[in-house]
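Trainee: Before we talk about this model, I would like each label tied to its cut-off. Where do we start?

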Amino acid sequence: MTAKLIKGKEIAAEIRAEIKQQADVLKSEKSITPGLVTILVGENPASQSYVRAKQKTAHELGFHSIQENQPADTTEPDLLKLVEKYNIDPAIHGILVQLPLPKHINETKILYAIDPDKDVDGFHPVNVGRMVIGAPAYLPCTPYGIQQMLIRSGVQTEGAEVVIVGRSNIVGKPIANILLQKAAGANATVTVCHTRTKNMADHTRRADILIVAAGIPKAVTADMVKPGAVVVDVGVNEVGRTAEGKRILVGDVDFEPVSQIASAITPVPGGVGPMTITMLMLNTLQAAQRSAS
Ligand code: NAP
């Protein structure tokens, strides 16, 4: 069997077109332009490139977007003041603080300072709590993107055995909660594996849908996958550079052999990655729409 490729890039493009259209309606009917501020502290090259990509997408969608570049020695009180400035700015509907922050700043304190109604990354405990109980919430972008990929690829989650490898707060735990909900695009039976899981392959081999977010290249090999499973590879691991100096990226799944067994699989790059920024834009649009009502 050769798996169907779930092309996140194409699904993301489809969702972005919908966002643009809804943003145009919001502008013409309510004179509201979705506003997003991205706050970057320091000069971490990976963070700079993530923030650039977010800003570029926001511009393409016609959003009002602000990039705040703060020096690496910015103090915690100064960063809190900056967050507060945007908490009360009516032109800004979404605030994103790019992680990781420098060691001298308490990340939790900064994330908790963001107004939950502007927390478009979905990391504030108010939004996490709402997500867990199934109330309307900003969902964290990567897991939200994974759910949308499954829905838009026609993958049935209802009653499916979903096995997740990884229990981080940004991927593993939220995707488990999202797919567990009593709701359309969810209703799955969910198992979460981590480094203390015994006999992990016994779990992964039961999965109708296997979601891997371990941060380890080839953490999942073909012998760990049930024939016909849908495999979502969240991992992004740099394994070298091309002669031109471009990063060579692989996921957490041993792609070639697993794609001979799975019924569908997400590639790396071009799978989950493009969905993450798109869901950030969707959350920002929804924040702007809520501000209108
Ligand atoms: P993380 O915080 O490092 O968490 C990794 C999780 O995987 C942990 O829960 C860890 O278990 C578990 N784990 C690690 N090795 C394992 C193994 N051999 N067997 C079973 N479980 C194992 O990572 P993360 O932030 O969730 O990210 C995971 C991957 O996704 C990374 O490659 C990251 O770059 C990528 N990512 C991609 C996107 C995107 O937009 N495409 C977004 C976010 C993350 P313990 O809890 O027991 O340590």
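Mentor: With a definition: a polar contact is a pair of N or O atoms within 3.5 Å. Keep in mind that this model is predicted.

Trainee: What makes the pair formed by Ala 213 and the ligand a polar contact?

Mentor: A backbone N or O atom of Ala 213 lies 3.5 Å from an oxygen atom of the ligand. The limit is within 3.5 Å and both atoms are N or O, so the pair counts.

Trainee: How far from the ligand is the polar side-chain atom of Ser 168?

Mentor: That atom of Ser 168 is 2.5 Å from an oxygen atom of the ligand, and the polar backbone atom of Val 236 is 3.0 Å from a ligand oxygen. Both values are within 3.5 Å, so both pairs are polar contacts. As for area, the ligand taken alone exposes 920 Å², of which the protein buries 68%.

Trainee: How many residues surround the ligand, and which are the closest?

Mentor: There are 21 of them, and the closest are Arg 167, Ser 168, Thr 195, Val 236 and Thr 276. A residue is included because one of its heavy atoms lies within 4 Å of the ligand. By type, the shell divides into 10 nonpolar, 10 polar and 1 charged. Glycine is counted as polar in that division. Helix H10, residues 272-292, gives the most to the shell, with 3 residues.

Trainee: Is Ser 168 called buried, partly exposed or exposed, and why?

Mentor: Its relative accessibility is 31%. Buried needs under 20% and exposed needs over 50%, so Ser 168 is partly exposed. The ligand is not part of that figure, because the accessibility takes protein chains only.

Trainee: Where is Ser 168, and what does it touch?

Mentor: Ser 168 is in the loop between strand S5 (161-165) and helix H7 (172-180). Leaving out residues up to four places away in sequence, Ser 168 touches Lys 173 and Pro 174. A polar atom of the Ser 168 side chain is also 3.0 Å from the backbone nitrogen of Val 171. Ser 168 and Ala 213 are 45 residues apart in sequence, with their C-alpha atoms 8.3 Å apart in space.

Trainee: Why does His 93 count as buried or exposed, whichever it is?

Mentor: The relative accessibility of His 93 is 6%, which is under 20%, so His 93 is buried. Its place is the loop between helix H3 (76-87) and S4. Among the residues that His 93 touches are Ile 32, Asp 117, Thr 284 and Ser 291. With Ser 291 there is a polar contact between side chains, at 3.5 Å.

Trainee: What is unusual to list about phi for Asn 187?

Mentor: Asn 187 has a positive phi of about 55° although it is not a glycine. Phi of Lys 218 is likewise positive, near 55°, and Lys 218 is not a glycine either. Asn 187 is in the loop between H7 and strand S6 (189-193), whereas Lys 218 is in the loop between strand S7 (209-212) and strand S8 (230-233).

Trainee: How are Asn 187 and Lys 218 classed by relative accessible area, and why?

Mentor: Asn 187 is at 26%, between the two limits of 20% and 50%, so it is partly exposed. Lys 218 is at 54%, over 50%, so it is exposed.

Trainee: Which peptide bonds are cis?

Mentor: The bond joining Leu 99 and Pro 100 is cis, with omega about 5°. The bond from Val 268 to Pro 269 is also cis, with omega near 0°. Pro 100 sits in the loop between strand S4 (94-97) and helix H4 (107-113); Pro 269 sits in the loop between strand S11 (264-265) and H10.

Trainee: How do you know whether the radius of gyration agrees with a compact globule?

Mentor: For 293 residues a compact globule would have a value near 19 Å; the protein has 19 Å, so the two agree. The C-alpha atoms fill a box of roughly 50 × 40 × 35 Å along the principal axes. Within the protein there are 10 helices and 11 strands, and buried residues make up 49% of the 293.

Terms used: Residues are numbered from 1 along each chain as its sequence is written. This is a predicted model: local features need pLDDT of at least 70, side-chain atom pairs count only at pLDDT 80 or more; totals for chains, interfaces and linings use all residues. Side-chain values use heavy atoms; hydrogens and water are left out. A polar contact is a pair of N or O atoms within 3.5 Å; within protein, one must be able to donate a hydrogen and the other to accept it, and residues adjacent in sequence count only if both atoms are side-chain atoms. Accessible areas come from the Shrake-Rupley method with a 1.4 Å probe; for residues, only the protein chains shown count as cover. Helices (H or I, at least four residues) and strands (E, at least two) are DSSP runs, numbered from the N terminus. The radius of gyration is taken over C-alpha atoms; the globule rule is 2.2 Å times the number of residues to the power 0.38. Buried means under 20% relative accessible area, exposed over 50%, partly exposed in between (1.4 Å probe, protein chains only). Contact means heavy atoms within 4.5 Å.
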